[in-house]
Amino acid sequence: MQNLAKKISRVLPEDLIVLMEKIGALSDSFGFRAFAVGGLVRDLLLGAVNIDLDVVIEGDAIKLGHALARELNGTIVSHRRFGTCSIATEDGFKIDLATARKETYEKPAALPIVKFSSIEDDLSRRDFTINAMAISINRSSFGDLIDFHKGRMDLERRSIRVMHERSFLDDPTRILRAVRFESRFGFGISRHTEKLMKDAIGRSIFGRVSRDRMRDELILMLQDRAPLAAIKRMARFGGLKFVHPAINIDRDLLKLCNSIDAVYTRCGRLSDRRRAPEKWLMYLMALSRDLTYSQVSVICNKLALRKFDRAVLLLYKTRARAVTKLLNSKRDIAPSRVYKLLEPISYEVILLIMAQAALINSNAKATLVISRIKEFLAKYDGTSLQISGDDLKSMGFRSGPAFKVILDKVLYNKIDGKLKSKKDELEYARALAGNIAG
Ligand code: CTP
């Protein structure tokens, strides 16, 4: 049996190792066997840090969880029926503990029947061999690699292979997981696994899974490091039909996806004070580019998208064309005009319009769109006034809806560089208010 203790101490952060050792020692005291499983083991063998600690217990995971939560002063949420619990520690770790289990599926894509069992059964129910390895964390065997299904060999061969014939039928979200891992690691899906994927897609298996689970896996796929390869792969399999049958992956769309990657890398981290744009939403908007408003509404329902995400997706449909037209106009446009146009629009739509400039035939027009958006993001977005309604009140004006109109006008003039100081703002506001009052 191979022991990975040295690799663990080389790759994983010290506080995570201490935590693993603590869980191991506690398990010893209860007479349980404990294993770190899944992504952490896979990534460790690839030499990468993964701090999502998934632990499988041969014994009672909830009993162990309570003892661990007490020791770490953490909070615990448990699900007795599934024999699982999650612990959040004060220093920000989240540990998932599960009692080793065996799953059987009565119908394709249905919820499995769960029976508590051994680590061997627990690993056998998993998606791919590369995700079906475990590391013992009990004291006497700390670091021992458990690999019943040649997961390590598949990692070396860079191959994604299911554990059994029915894997995709049992859980169709694994189709999205396969392409996600393939594209993330630059691996290949084994030929047999690929055949099973195609068979499952051919049986319209996606319709049987809950909308929430499909949505969550799709988000993970589009949010991952290199979604383009996964999108292409899904399209080749006809696997994007579950999002909408009218999605058409043509050359322009691929170009747009490349451009999203570039824009997101450059502008995705807008600034600390702003909400980080959701990359997956940008990709989903791109996929729905040629679809009609009502087809996009169908996607929103099919994926049970949250209200905010729905609104962004539909906003793209209704606004993107007109906004782009104005931004690529050769006329002089005052910065405040661009501000009024872009300020109410979500960052995802703004960045996608920027990415779409790659598809505009005229270089001059594309440059105008990009530079105007960049200028808005760097200079004008988030501009605030030094004065407020209180200043207007202290000038003797009665507060009301006109205040907003006045303050907006002052803001637009400030953006256009006409007001430099608080005094300028006050004077301009006084003149505007006087006009309105007069
Ligand atoms: N798993 C599975 N089938 C699924 C989802 C998960 O068998 N549909 C198993 C795999 O063994 C996986 C583990 O549960 O490794 C943990 O799942 P998850 O945290 O979703 O993924 P990771 O493999 O940790 O990958 P990531 O790095 O993307 O989090």
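The lining of the second largest pocket in this predicted model comprises 7 nonpolar, 4 polar and 5 charged residues. The space enclosed by this second largest pocket amounts to about 470 Å³. Its lining is made up of 16 residues, among which Y316, A320, R321, T324 and Q356 are the closest to the centre. Two helices, helix 15 (307-327) and helix 17 (347-356), each provide at least two residues of this lining. Helix 15 makes the greatest contribution to the lining of the second largest pocket, with 6 residues.

The surroundings of the ligand were examined next. The shell around the ligand contains 1 nonpolar, 5 polar and 9 charged residues. Of the 15 residues around the ligand, those that come nearest are D127, N131, D171, R180 and R184. Several side chains place polar atoms at short listed distances from the ligand, including D171, for which a polar side-chain atom lies 2.8 Å from a nitrogen atom of the ligand. For two arginines the partner is an oxygen atom of the ligand: a polar side-chain atom of R126 lies 3.0 Å from such an atom, and a polar side-chain atom of R177 lies 3.1 Å from such an atom. On its own, the ligand has 570 Å² of accessible area, of which the protein covers 77%. The elements that supply two or more residues to the shell around the ligand are helix 3 (39-45) and helix 8 (173-185). Helix 8 gives the most to this shell, with 6 residues. In terms of domains, the shell around the ligand takes at least three residues from domain 1 (5-152) and at least three from domain 2 (158-239).

Enclosed space within the protein was also considered. Rolling a probe the size of a water molecule over the atoms reveals where empty space remains. The count comes to 1 cavity of 30 Å³ or more. The largest cavity has a volume of about 40 Å³. Its lining consists of A246, I247, N248, L253, A286, L287, R289, D290 and L291. By class, these lining residues of the largest cavity divide into 6 nonpolar, 1 polar and 2 charged.

Taken by class, the three sites can be set side by side. The second largest pocket is lined by 7 nonpolar and 5 charged residues together with 4 polar ones. The shell around the ligand includes 9 charged residues and 1 nonpolar residue, whereas the lining of the largest cavity includes 6 nonpolar residues and 2 charged ones.

Note on methods. Residues are numbered from 1 along each chain as its sequence is written. This is a predicted model: local features need pLDDT of at least 70, side-chain atom pairs count only at pLDDT 80 or more; totals for chains, interfaces and linings use all residues. Side-chain values use heavy atoms; hydrogens and water are left out. On a 1 Å grid over the protein atoms alone, a cavity is a set of points where a 1.4 Å probe fits but cannot get out, and a pocket is an open set with protein on both sides within 12 Å along at least five of seven lines; lining residues have an atom within 4 Å of a point. Grid points are joined across faces, edges and corners, and a volume is the space filled by probe spheres set on the points. Helices (H or I, at least four residues) and strands (E, at least two) are DSSP runs, numbered from the N terminus. Ala, Val, Leu, Ile, Met, Phe, Trp, Tyr, Cys and Pro count as nonpolar, Asp, Glu, Lys and Arg as charged, and the others, Gly among them, as polar. A residue is near a molecule or strand if one of its heavy atoms lies within 4 Å of it. A polar contact is a pair of N or O atoms within 3.5 Å; within protein, one must be able to donate a hydrogen and the other to accept it, and residues adjacent in sequence count only if both atoms are side-chain atoms. Accessible areas come from the Shrake-Rupley method with a 1.4 Å probe; for residues, only the protein chains shown count as cover. Domain bounds come from an automatic or database domain assignment.
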